[in-house]
Amino acid sequence: QVQLIESGGGLVQAGDSLRLACAASGRTFYGYIMTWFRQAPGKEREFVAAITWGEGRVVYADFVKGRFTISRAIAENTVNLQMNNLKSEDTAVYYCAAGRITSVFYNARTEQMYNYWGQGTQVTVSS
């Protein structure tokens with residue numbers, strides 16, 4: 001059974017940093033893309049960053065470029081999201097997701113890509 005368990009959220013001040021982790025288990029993730037989404041109060045869930053498990057190719061939402069870094073630790077089966085220079089608008093529940101890549105024409109930014117989701121971790125940034 002696949003499980004994705006997020007950790008590392010919390011309450012910080014604007015300008016601070018946080019490192020989120022997603023512990024993945026239950027299968028091998030080669031051939032998968034691992035992604036962070038977020039959902040702010042009253043808003044739809046949105047794409048943040050993604051990384052392919054095997055090759056480590058990354059893609060970011062424009063609003064986090066230069067501030068957030070996604071990485072994976074294959075030996076530890078974790079996907080991390082280093083978030084620097086946090087802003088109040090980064091306040092959201094952050095979700096880890098995993099999706100199997102079945103075509104060269106995949107869209108990492110769409111929720112329909114993902115088979116597995118974690119329960120989320122709350123990030124609150126006070127201004």
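Is C96 buried or exposed? I looked this up before anything else, and C96 counts as buried, because its relative accessibility is 0%. A note to myself: this is a predicted model.

**Entry: the disulfide**

I searched the whole structure for disulfides and found 1. C22 and C96 form it, with their sulfur atoms 2.1 Å apart. The pair joins distant parts of the chain: C22 belongs to strand β3 (residues 18–25) and C96 to strand β9 (residues 92–100), 74 residues apart. A reminder for my own revision: a disulfide is a covalent bond between the sulfur atoms of two cysteines.

I then looked up the handedness. The torsion about the S-S bond of C22 and C96 is about -75°, so this disulfide is left-handed. I also checked the partner cysteine: C22 has a relative accessible area of 0%, so C22 is buried.

**Entry: aromatic rings**

How many aromatic pairs does the structure hold? I noted 7. One of them is F29 with W53: the ring centres are 5.9 Å apart and the planes meet at 55°, so I wrote this pair down as tilted. F29 sits in the loop between β3 and β4 (32–39), while W53 sits in the loop between β5 (46–52) and β6, and 24 residues separate the two. Both F29 and W53 are buried.

Next I turned to F37 and F47, an aromatic pair that is edge-to-face, at 6.0 Å centre to centre and 80° between the planes. F37 is in strand β4 and F47 in strand β5, 10 residues apart. I found both F37 and F47 to be buried.

I also looked for a cluster. F29, Y32, W53 and Y116 form one aromatic cluster, so-called in my notes as "the four rings".

**Entry: two arginines**

Which rings does R45 lie over? R45 lies over the face of Y95, at 4.8 Å from the ring centre. R45 also lies over the face of W117, here at 3.9 Å from the ring centre.

My last stop was R67, placed in the loop between β6 (58–60) and β7 (68–73). Why does R67 count as buried? The relative accessible area of R67 is 10%, and buried means under 20%. The R67 side chain reaches the backbone oxygen of F63 at 3.1 Å. Leaving aside neighbours within four places in sequence, I listed the contacts of R67: Q82, M83, N84, N85, L86, K87 and D90.

Notes. Residues are numbered from 1 along each chain as its sequence is written. This is a predicted model: local features need pLDDT of at least 70, side-chain atom pairs count only at pLDDT 80 or more; totals for chains, interfaces and linings use all residues. Side-chain values use heavy atoms; hydrogens and water are left out. Helices (H or I, at least four residues) and strands (E, at least two) are DSSP runs, numbered from the N terminus. Buried means under 20% relative accessible area, exposed over 50%, partly exposed in between (1.4 Å probe, protein chains only). A polar contact is a pair of N or O atoms within 3.5 Å; within protein, one must be able to donate a hydrogen and the other to accept it, and residues adjacent in sequence count only if both atoms are side-chain atoms. Contact means heavy atoms within 4.5 Å. A disulfide is a pair of cysteine sulfur atoms within 2.5 Å. Rings of Phe, Tyr and Trp (its six-membered ring) pair if their centres lie within 6.5 Å; planes under 30 degrees apart count as stacked, over 60 as edge-to-face and the rest as tilted. A charge sits over a ring if NZ of Lys or CZ of Arg is within 6 Å of the ring centre and within 35 degrees of the ring normal.
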